[in-house]
Amino acid sequence: IKMPKIIGYIRVSSKDQNLDRQLEELNKLGIEEKYIYQDKQSGKDFDRIGYQYMKKSLEKGDTLVIKELDRIGRNQEELKKEWQYFKDNEINVRVLDLPALNINYDDENIKPIAKMISNIIFEIMSWKAQNERETIRKRQAEGIKIAKAKKIKFGRPCVKIPDNFKEIYTMWKNGEITATKGIELTGLKKNKFYDFIKLYENQEK
């Protein structure tokens, strides 16, 4: 007889954020690392590698453990579809920060009123998850607008071609110095040094 699995899923919205807090909570429950799936990606949709692998691994009777509802996603309508998928496939869901949301098909004594309360809470929390995402996006847009008004430039700063580049280029081209020496004398990074060489030679042509 195949024993049901306990599977964990953790997510943060960007690569520079840390998963340790969520991982620690799942480790406390004794969930094996090989059964913990993760993503460092926005919850705006479900096109996430970790999530899709997690979903494919779940079978009837398995339990999915998450720390918070919005770790699954922040799009309310899509979140409802995923939640319904778990119900339809009889997959237990355990939300650590909100036990009232838990789906448990092993419990035959769940009263209809308890299910109704769970559904109401889910509607509120899924709305809250999407609303928080929209608020974050609005604040980001406002921040960019203010920064542009202050003429703050985004992206990598432009690298100015050094005043001695033509002289160094000529020496390098004539074999008087190595590229390494040329990079040192111009103060450029290797890739920029060669970028400027291409640019200079194209201009000469």
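1. In this predicted model, Thr 63 stands opposite Asn 92, a residue of strand E4. To get from E3 to E4, the chain passes through helix H3, and the β-α-β crossover made in this way is right-handed.

2. The pairing between these strands can be followed further, since strand E3, which covers residues 63-66, runs parallel to E4 and is joined to it by four bridges. One of the residues to look at here is Val 65, whose bridge partner in E4 is Arg 94.

3. The wider setting is an open sheet of four strands, which lie in the order E2-E1-E3-E4 with parallel pairing. Strand E2 (36-40) and strand E4 (92-95) are the edge strands, and each of them pairs on one side only. From one strand to the next, the twist averages 20°.

4. Helix H1, made of residues 20-28, packs on this sheet, where it touches strand E1 (6-12) as well as E2 and E3, and the direction of H1 makes about 170° with that of E1.

5. It is worth turning next to the nonpolar residues. As a general rule, nonpolar side chains in soluble globular proteins tend to be buried together. In this model the largest nonpolar core has 18 residues, and those with the most contacts inside it are Met 54, Leu 64, Ile 72, Trp 83 and Phe 86. Two or more residues are given to this core by each of E1, helix H2 (49-57), E3, helix H3 (76-88) and E4, and the largest share, three residues, comes from H3.

6. Leu 64 deserves a point of its own, and if residues up to four places away in sequence are not counted, Leu 64 touches Ile 7, Gly 8, Tyr 9, Met 54, Leu 58, Phe 86, Ile 91, Asn 92, Val 93 and Arg 94. A second core, separate from the one that holds Leu 64, has 11 residues and includes Phe 165, Ile 177, Leu 188 and Ile 197.

7. Finally, a student may ask of Asn 131: is this residue buried, partly exposed or exposed? Asn 131 counts as partly exposed because its relative accessible area is 31%, which lies between the limits of 20% for buried and 50% for exposed. Asn 131 is found in helix H4, which spans residues 112-149. Although Asn 131 and Arg 74 are 57 residues apart in sequence, their C-alpha atoms are 8.2 Å apart in space.

Note on methods. Residues numbered from 1 in each chain as written. Predicted model: local features only at pLDDT ≥ 70, side-chain atom pairs only at ≥ 80, totals over all residues. Heavy atoms only, no water. Buried < 20%, exposed > 50% of the residue type's maximum accessible area, 1.4 Å probe, protein only. Pairing = 2+ DSSP bridges. Axes fitted to C-alpha atoms, helices over the stretch in contact; angles between N-to-C directions. Contact = heavy atoms within 4.5 Å. Core = buried A, V, L, I, M, F, W, Y, C linked by side-chain atoms within 4.5 Å. Right-handed = clockwise from strand over helix to strand, strands pointing away.
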